[in-house]
Amino acid sequence: MISKIIEAITSEHALEKYSDRNRLLGEAVPYIGEPRLSASDPGKVFLRINPLSSHGELLEFKNEDVLFAENVETVADKEGGIFQIVKIWVRIGSIGLKLEPFSVQDYSNVLDSVFDVLADKK
């Protein structure tokens, strides 16, 4: 069964059928995770690399750069939520974005003292 996300990725272009795995390995890089379509741009897909982790990486790719996609498994979390894990093969040379959350803090005072100490040693 093809998941809805794979259908959405392929709505604008057909994925090629790869019978030769070596050819696919030469043209694309695989990423495995939980996919989501971008709400603001239907031409992009997000892939959460480790969806069961609180620190999972989030990657963004253009749908047109996805050469092949396949279902890997369906996973349930401890709260009973079910989500699909897929493997997408992204064209070598395409541009992806790694989105990483961080806590905004002001460390300027801490860094100033370190730089002052280093400058005094010279």
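# A tour of the sheet, from Leu99 to the aromatic pair

Begin by selecting Leu99, which is partly exposed, with a relative accessible area of 33%. The model on screen is a predicted one, and residue numbers run from 1 along the chain as its sequence is written. Leu99 counts as partly exposed because its 33% falls between the limits of 20% for buried and 50% for exposed. The residue belongs to strand 6, which spans residues 97-99.

Add Ile95 and Leu97 to the selection and display the surface. Together with Leu99, these two residues form a nonpolar patch on the surface, and the accessible area of the three is about 280 Å².

Next, turn to the strand beside Leu99. In the pairing of strand 3 with strand 6, Leu58 stands opposite Leu99. These two strands run in the antiparallel sense and are joined over 3 bridges.

Now show the whole sheet as a cartoon. The sheet is open and is built from 6 strands in the order 4-5-1-2-3-6, with antiparallel pairing. Strand 4 (66-76) and strand 6 are its edge strands, each pairing on one side only. From one strand to the next, the twist averages 40 degrees. As background, the strands of a sheet pair through backbone hydrogen bonds, in either a parallel or an antiparallel arrangement.

From strand 3, move to strand 2 (residues 44-48). Strands 2 and 3 are paired in the antiparallel sense over 5 bridges. Select Leu47 here: its bridge partner in strand 3 is Leu59.

Proceed to strand 1 and strand 5 (residues 82-91), which pair in the antiparallel sense over 6 bridges. To locate this pairing, select Ala28, which stands opposite Arg91 in strand 5.

For the last stop, show the side chains of Tyr31 and Phe61. How many aromatic pairs does the structure hold? There is 1 aromatic pair. Tyr31 and Phe61 form this pair in a tilted arrangement, at 5.1 Å centre to centre and with 40 degrees between the planes. Tyr31 lies in strand 1 (residues 28-37) and Phe61 in strand 3 (residues 58-62), so the pair ties together parts that are 30 residues apart in sequence.

Are the two rings' residues buried or exposed? Tyr31 counts as partly exposed, at 27% relative accessibility, whereas Phe61 counts as buried, at 6%. The assignment of Phe61 follows because its 6% is under the 20% limit for a buried residue.

How values were computed
This is a predicted model: local features need pLDDT of at least 70, side-chain atom pairs count only at pLDDT 80 or more; totals for chains, interfaces and linings use all residues. Side-chain values use heavy atoms; hydrogens and water are left out. Patches are made of residues with over 30% relative accessible area and no salt bridge: like charges are joined within 9 Å, nonpolar side chains (Val, Leu, Ile, Met, Phe, Trp, Tyr) within 5 Å. Accessible areas come from the Shrake-Rupley method with a 1.4 Å probe; for residues, only the protein chains shown count as cover. A salt bridge is a side-chain nitrogen of Lys or Arg within 4 Å of a carboxyl oxygen of Asp or Glu. Helices (H or I, at least four residues) and strands (E, at least two) are DSSP runs, numbered from the N terminus. Buried means under 20% relative accessible area, exposed over 50%, partly exposed in between (1.4 Å probe, protein chains only). Rings of Phe, Tyr and Trp (its six-membered ring) pair if their centres lie within 6.5 Å; planes under 30 degrees apart count as stacked, over 60 as edge-to-face and the rest as tilted. Two strands pair if DSSP finds at least two bridges between them. Axes are lines fitted to C-alpha atoms, for helices over the stretch in contact, and angles run from 0 to 180 degrees between N-to-C directions.
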